[in-house]
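Q: I have a chain open on my screen and would like to talk through its fold and surface. Could we take it step by step?

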Amino acid sequence: MVSFVLSVLLPLLLGTSAQYYEMMGTCRMVCDPYNPKPGGASAVEVKKDVNGIPHQPPMAQGSRGEPGRPGKPGPRGAPGEPGPPGPRGPSGERGSKPAHPALTAAAVGKNGDADGVNSSAGGVRIAFYVGLKNPHEGYEVLKFDDVITNVGDHYDATTGKFTCHVSGIYFFTYHVLMRGGDGTSMWADLCKNGQVRASAIAQDADQNYDYASNSAVLHLDSGDEIFVKLDGGKAHGGNNNKYSTFSGFILYPD
């Protein structure tokens with residue numbers, strides 16, 4: 001106890017200005033009084049120095065700099081609402097059908113129309129429908145001699161041939177009745193300029209009659225010939241009953 005008192009009072013008695021006090025043992029305490037150090041400025045003096053700094057004038061504004069680079073485009077926005085329908089446009093001029101160049105006014109039908117042409121409508125009219133009166137057999141052209149329709153007069157009953165005068169697409173069909181009873185068969189061919197384009201056969205199987213029929217859609221040029229030819233067998237005529245017939249018409253010209 002005496003040692004502790006001496007350790008505290010001894011520095012004071014010696015008149016030292018030391019500001020650190022050390023305790024005996026493992027405990028050490030250092031005290032730093034709030035008294036200002038020798039030669040240091042007091043808080044009042046510091047405040048006066050700060051207040052004594054003259055007010056600085058504001059900085060002058062410089063010239064405007066160059067514009068920066070444009071930024072990246074943003075995302076695409078949502079599509080807008082559809083606008084109202086616009087006004088209706090004016091009607092176009094009505095077209096006209098030109099007359100076919102292959103047709104002339106020289107060929108005029110009974111009704112005053114051009115040969116195969118309806119002059120009032122400007123459309124091509126070509127069609128025929130004929131029947132077979134007399135029987136045929138062997139290998140020969142069937143001469144359909146019963147003319148029912150022959151618009152344009154392009155079918156010739158004396159030769160049994162249809163001759164094209166207007167190039168275009170045509171439809172043809174034929175039905176030939178076989179005259180059987182002897183166990184034979186009959187073949188009938190649709191020919192274009194002698195080349196077979198459709199064939200049909202009728203067989204005598206426990207009956208006396210059978211039909212050979214077929215159809216075709218063909219492109220014809222002016223001067224082409226279409227006919228039906230037997231390729232063996234016998235064709236029944238039928239007088240005026242039209243058992244065997246041949247027909248065709250133009251679908252549209254070139």
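The exchange below goes from the whole chain to a few selected residues.

Q: Before the details, what kind of model is this?
A: It is a predicted model.

Q: How many helices and strands are there in the chain?
A: The chain has two helices and 14 strands.

Q: And how much of the chain counts as buried?
A: Of its 254 residues, 25% count as buried. The accessible surface of the chain is about 18,400 Å², and carbon and sulfur atoms hold 54% of that surface.

Q: What share of the contacts comes from residues 24 or more positions apart?
A: Such residues supply 65% of the contacts in the chain, taking those with a separation of 6 or more.

Q: Turning to the strands, which ones does S3 pair with?
A: Strand S3, residues 127–131, pairs with strand S5, residues 146–151, in the antiparallel sense over five bridges. S3 is also joined to S14 by five bridges, and that pair runs antiparallel as well.

Q: Which residues are bridge partners there?
A: On the S5 side, Val130 has Val147 as its bridge partner. On the S14 side, the bridge partner of Tyr129 is Ser247.

Q: How are side chains arranged along a strand, as a rule?
A: In a regular strand, side chains alternate between the two faces of the sheet.

Q: New topic: which residues form the nonpolar patch on the surface?
A: The patch consists of Val217, Phe249, Leu251 and Tyr252, which together have about 390 Å² of accessible area.

Q: Which strand gives the most to that patch?
A: Strand S14, residues 245–253, does so, with three residues. Tyr252 is placed in S14, the strand that also runs antiparallel to S3.

Q: Now Asp224. Where does it lie?
A: Asp224 is in the loop between strand S11 (209–220) and strand S12 (225–230).

Q: Is Asp224 buried or exposed?
A: Asp224 is buried, because its relative accessible area is 12%, and the cut-off for buried is under 20%.

Q: What does its side chain make polar contact with?
A: The side chain of Asp224 makes a polar contact with the side chain of Asn193, at 3.0 Å. In addition, a polar atom of the Asp224 side chain lies 2.8 Å from the backbone nitrogen of Asp221.

Q: Which residues does Asp224 touch, leaving out those up to four places away in sequence?
A: With those neighbours left out, Asp224 touches Phe162, Thr163, Cys164, Lys192, Asn193 and His219. Asn193 is thus named twice, as a touching residue and as a polar partner of the Asp224 side chain.

How values were computed: Residues numbered from 1 in each chain as written. Predicted model: local features only at pLDDT ≥ 70, side-chain atom pairs only at ≥ 80, totals over all residues. Heavy atoms only, no water. Patch = residues over 30% accessible without salt bridge, like charges linked within 9 Å, V, L, I, M, F, W, Y side chains within 5 Å. Areas by Shrake-Rupley, 256 points an atom, 1.4 Å probe, with all protein chains shown as cover. Salt bridge = Lys/Arg side-chain N within 4 Å of Asp/Glu carboxyl O. Helix = DSSP H or I, 4+ residues; strand = E, 2+ residues; numbered from the N terminus. Pairing = 2+ DSSP bridges. Buried < 20%, exposed > 50% of the residue type's maximum accessible area, 1.4 Å probe, protein only. Polar contact = N/O pair within 3.5 Å; in protein donor to acceptor, adjacent residues only side chain to side chain. Contact = heavy atoms within 4.5 Å.
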